[in-house]
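Subject: Structure for your files

Hello,

Here is the structure I said I would pass on. My notes on what was found follow below it.

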Amino acid sequence: MRRTRTKKFVRNIFLALVLCLGIAPSAFADDFMGLPIEDSAAKDERSLPTWIFGGGASLAYYLRGIDGTVDLDLEYRAHRYHAFGIHGGLSFAGEFIETGLDWRWYFKGALMRSGHDDFLHFSVSLFCMEHFEEWFFSPALEFGYGRDILFFKKSDLLGRIEVQAAYLLGEPVTKMNDRLLVDQSGRLIVNIRFSLLLF
């Protein structure tokens with residue numbers, strides 16, 4: 001019963017984020033329904049955001065199964081090409097809590113001019129997990145590739161989609177296999193993250 005509710009919740013979040021990403025391309029046009037939104041000279045006047053914060057959801061694949069997480073992000077854009085931040089995530093199934101320090105390297109640094117910016121993401125994280133009523137803390141290294149999308153040229157809202165992989169260096173993540181009735185362990189977690197961020 002709990003898994004059914006969790007799957008429905010994850011599916012609804014996923015559909016909402018896909019809908020937001022589907023509407024995004026119309027924001028990149030210079031006009032909407034033939035009406036000019038702003039003139040092309042004005043869009044270069046905005047500077048890159050300094051502080052970005054928000055959250056979203058991830059679909060996480062590990063131990064041959066899919067789980068969801070709720071994520072929070074806080075980021076400081078120190079330079080046109082570099083940003084530093086912190087993030088946190090909570091597994092829907094309650095199998096782990098994650099927190100980490102991030103560095104993003106943006107290829108072009110042209111979010112306000114082109115409406116999108118691609119980046120590579122490097123992170124050092126700490127996973128907190130409970131196995132057999134004991135708590136374990138496991139460090140992890142993460143690597144990802146993603147894109148920030150400015151939905152509307154004059155708004156302070158952007159979307160982020162990212163594919164990333166985390167490798168646990170310490171205690172592995174453990175999940176009960178319902179068919180074999182044994183615990184399975186693994187160190188690799190692959191995520192697809194969808195976030196809505198304000199600046």
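β3 and β12 run antiparallel and are joined by nine bridges. One residue pair places this contact: tyrosine 61 has valine 190 in β12 as its bridge partner. Please keep in mind that this is a predicted model.

β3, which covers residues 51-62, also pairs with β4, residues 65-76. That pairing is antiparallel too and extends over 12 bridges. Within it, serine 58 is bridged to threonine 69 of β4. The two strands β3 and β4 form a hairpin with two residues between them, and leucine 63 in this hairpin has a positive phi near 50°.

The other item is on the surface. A nonpolar patch there has about 930 Å² of accessible area in total, and its members are Tyr61, Ile66, Val124, Leu141, Val163, Tyr167, Leu169, Leu188, Val190 and Ile192. Two elements, β9 (157-168) and β12 (188-198), each give two or more residues to the patch. The largest share comes from β12, with three residues. Tyr61 and Val190, both listed in the patch, are the bridge partners mentioned above for β3 and β12.

As for single members, valine 163 lies in strand β9. Its relative accessible area is 46%, so valine 163 counts as partly exposed. That value falls between the 20% and 50% limits of the class, and it is over the 30% required of patch residues.

Regards

Key. Residues are numbered from 1 along each chain as its sequence is written. This is a predicted model: local features need pLDDT of at least 70, side-chain atom pairs count only at pLDDT 80 or more; totals for chains, interfaces and linings use all residues. Side-chain values use heavy atoms; hydrogens and water are left out. Patches are made of residues with over 30% relative accessible area and no salt bridge: like charges are joined within 9 Å, nonpolar side chains (Val, Leu, Ile, Met, Phe, Trp, Tyr) within 5 Å. Accessible areas come from the Shrake-Rupley method with a 1.4 Å probe; for residues, only the protein chains shown count as cover. A salt bridge is a side-chain nitrogen of Lys or Arg within 4 Å of a carboxyl oxygen of Asp or Glu. Helices (H or I, at least four residues) and strands (E, at least two) are DSSP runs, numbered from the N terminus. Buried means under 20% relative accessible area, exposed over 50%, partly exposed in between (1.4 Å probe, protein chains only). Two strands pair if DSSP finds at least two bridges between them.
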